[in-house]
Structure formats: structure tokens, C-alpha cells
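Biologist: I'd like a close look at one part of this protein, taken slowly and with its neighbours included. Could you walk me through it in one go?

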Amino acid sequence: MAGVAIDLLNFLNELKENNNREWFEVNKPTFKKLDNDFKNLFGAEILEGLNKTDHIEKMKVFRIYKDIRFSKDKTPFKTNRSISFSREGAALRGGYFLHVEPGNTYLGGGFFGPNPADLLRIRKEFEMDDQEIRAIMTDQDFSKVYGSEFVPYSQVKTAPKGFSKEHHAIDLIKNKSFFFEKKFTDKEIIATNFSSKVVKCFELLRPYFDYMSDVLTTDLNGVSLLKD
């Protein structure tokens with residue numbers, strides 16, 4: 001996949017310098033080939049690796065076209081390519097994400113902006129018992145890749161309504177998203193083993209996903225919410 005990655009990074013660098021519809025239209029055939037390779041070679045290789053230990057329901061490549069209606073930046077195209085892998089069924093919660101961009105490539109996984117019911121359930125679990133999630137986050141192999149904290153995308157300033165700001169787990173409870181990230185250099189992206197490295201990093205998220213799946217499919221008494 002090294003050739004795919006090199007060509008893609010080169011294209012994205014050119015797009016950054018020529019982010020307009022005229023340039024893109026001329027170079028659209030190149031983009032279509034690169035995007036096809038990104039999905040059907042790069043993405044498929046990661047998907048195959050993931051399915052050896054997990055069950056993936058859907059792979060999605062995000063569009064390159066930006067929604068500029070409410071943005072101050074009116075350039076029409078994203079200068080990155082992103083792909084997600086959704087786990088299968090109601091019992092397997094969580095999703096994997098890969099963002100490729102010159103100088104800013106990262107992968108991650110977790111729960112980005114969960115719906116209000118899931119958000120409350122997660123916070124209640126942390127309020128009741130934070131030992132299991134902290135054990136996952138401080139595991140040596142996990143923390144070496146992802147660190148031992150959620151990415152602070154969005155947090156309340158003190159405490160959510162109904163929770164004490166003095167609670168010992170308020171550092172977890174105040175988050176609005178529960179996501180982990182791992183960054184890569186451009187040199188790592190173009191290495192021949194990059195896709196296998198991505199799969200290995202994703203596999204480290206499984207204990208976290210298993211824990212959160214259990215939380216989000218049970219009530220606070222541990223009774224399953226799933227229908228038979």
C-alpha cells in the first residue's frame with residue numbers, strides 16, 4: 001500500500017495549494033483513481049484485518065466535498081481522506097476511524113458525540129464505578145498507543161447537571177465524547193507495514209469497546225436491554 005499512500009499524500013498536498021473547483025475538475029480522474037485505491041486497496045486491507053478479530057458491519061469513505069454553508073472557510077474541498085469501520089449489530093458498540101492528511105494523519109475509535117441517552121448512561125456508569133474503565137485506560141499496551149485519557153474534544157466546564165463537581169471521577173464524567181487517538185508521521189504512512197500497524201492499533205481498542213458495549217446494553221443493575 002506504500003504506493004497508494006505516497007500518491008494520495010502528494011495529491012492532497014497539491015489540492016491544498018489549489019483548493020478550487022477549476023483545478024479539481026481538471027484533476028478529477030486522478031482523484032477518482034486515488035479514492036478508489038484508498039477504498040478498495042487500503043480500506044479493504046484494513047477491513048480484512050479487522051474482521052479476523054471483530055465483526056464489521058460497514059466501511060464508509062467520507063466525501064471530499066465540504067459543506068461550506070455555515071463555514072468561514074469557503075474552500076470547496078477537504079484536504080484529507082477519512083474512512084470509518086462500524087461494528088456489527090446492537091450488541092457491538094463503538095467504531096474505528098482513520099484520517100489521512102499530510103502532516104496530520106491519525107486513527108482513533110470510541111464514541112464521538114453519543115446521543116443523550118447513551119451519554120447519560122456512560123456518565124452514570126463512571127459515577128457508580130470508574131475502576132474498570134481506568135484499568136483499561138492505564139493498561140501498558142493501551143496507554144503506550146493512546147495515552148491514558150480521552151481526547152478532550154468537548155467537555156463541560158465543571159460538572160454535568162445532576163453530577164457533583166467534587167466526584168472523584170469528574171475528569172471522566174465531564175466529557176461529552178469518549179474517543180482515543182493515535183497520530184502518525186508521513187514517513188509511517190508510506191511504510192509498507194502501515195495498514196497492519198493500523199489494524200494492531202485498532203485491536204487494542206477491543207477491551208474498551210467490549211466494556212462500553214456491556215455498559216450501553218445494560219441498565220445500572222446489569223440487566224440486559226437487548227431484545228432476545
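**Helix H10 and its surroundings**

Modeller: Let's start with a helix pair: the axes of H4 and H10 lie 10 Å apart, and the two helices pack at an angle of about 105 degrees. Angles from 65 to 115 degrees count as roughly perpendicular, so that is how H4 and H10 sit relative to each other. Keep in mind as we go that this is a predicted model.

Who touches whom here? On the H4 side you'll find Asp118, Arg121, Ile122, Glu125 and Phe126, and they meet Tyr211, Met212, Val215 and Leu216 of H10. Those four H10 residues are also on the list of buried positions in that helix, which covers residues 206-216 and has Tyr208, Phe209, Tyr211, Met212, Ser213, Val215 and Leu216 buried. H4 is one of several partners: the buried residues of H10 also pack against strands S2 (81-87), S3 (95-100), S4 (105-111) and S5 (178-184), and against helix H5 (131-137).

Now zoom in on Tyr208. Its relative accessible area is 0%, so Tyr208 is buried. Aromatic pairs turn up throughout this model, with 29 of them found in a search of the whole structure. One of them joins Tyr208 to Phe111: the ring centres are 6.0 Å apart and the planes stand at 80 degrees, and because planes over 60 degrees apart count as edge-to-face, that is the label this pair gets. The pair bridges distant parts of the chain, with Phe111 in strand S4 and Tyr208 in helix H10, 97 residues apart. Phe111 is buried too, with a relative accessible area of 8%.

A second pair has another geometry. The rings of Phe150 and Phe180 have centres 4.9 Å apart and planes at 35 degrees, so this pair is tilted. Phe150 sits in the loop between helix H6 (140-146) and helix H7 (170-173), while Phe180 belongs to strand S5, so the pair ties together parts that are 30 residues apart in sequence. Both ends are buried: Phe150 has a relative accessibility of 6%, and Phe180 comes in at 0%.

These rings belong to a wider network. Ring pairs link Phe85, Tyr96, Phe111, Phe126, Phe142, Tyr146, Phe150, Phe178, Phe180, Phe202, Tyr208 and Phe209 into a cluster. You've already met Phe126 as one of the H4 residues that meet H10, and Phe209 as one of the buried residues of H10.

Aromatic rings also pair up with charges in this model. The charged end of Lys124 sits over the ring of Phe163, 5.1 Å from its centre. Likewise, Lys182 has its charged end over the ring of Phe184, at 5.5 Å from the centre.

Next, have a look at Met137, which is placed in helix H5, one of the elements that the buried residues of H10 pack against. Its relative accessibility is 3%, so Met137 counts as buried. Leaving out residues up to four places away in sequence, Met137 touches Phe142, Ser143, Gly147, Ser148, Glu149, Phe150, Leu172 and Phe180. That list includes both members of the tilted pair, Phe150 and Phe180. For a longer reach, Met137 and Asp186 are 27 Å apart, C-alpha to C-alpha, with their positions 49 residues apart in sequence.

Then there's H9, just before H10 in the numbering. H9 has helix H3 (residues 28-50) as a partner: their axes come within 9 Å and cross at roughly 40 degrees. That makes H3 oblique to H9, and the crossing is right-handed. From H3, the residues Phe42, Glu45, Ile46, Gly49 and Leu50 meet Phe194, Ser195, Val198, Val199, Phe202 and Glu203 of H9. Phe202 is also a member of the aromatic cluster. Lys200, also in H9, counts as exposed because its relative accessibility is 57%.

Stepping back to the chain as a whole, there are 10 helices and five strands. Its C-alpha trace spans about 60 × 40 × 35 Å along the principal axes. Of the 228 residues, 44% are buried. Long-range links like the one from Phe111 to Tyr208 fit into a wider tally: among contacts between residues at least 6 apart in sequence, 67% join residues at least 24 apart.

How values were computed: Residues are numbered from 1 along each chain as its sequence is written. This is a predicted model: local features need pLDDT of at least 70, side-chain atom pairs count only at pLDDT 80 or more; totals for chains, interfaces and linings use all residues. Side-chain values use heavy atoms; hydrogens and water are left out. Buried means under 20% relative accessible area, exposed over 50%, partly exposed in between (1.4 Å probe, protein chains only). Contact means heavy atoms within 4.5 Å. Rings of Phe, Tyr and Trp (its six-membered ring) pair if their centres lie within 6.5 Å; planes under 30 degrees apart count as stacked, over 60 as edge-to-face and the rest as tilted. A charge sits over a ring if NZ of Lys or CZ of Arg is within 6 Å of the ring centre and within 35 degrees of the ring normal. Axes are lines fitted to C-alpha atoms, for helices over the stretch in contact, and angles run from 0 to 180 degrees between N-to-C directions. Angles under 35 degrees count as roughly parallel, over 145 as roughly antiparallel, 65 to 115 as roughly perpendicular and the rest as oblique. A crossing is left-handed if the near helix is turned anticlockwise from the far one by less than a right angle, and right-handed if clockwise.
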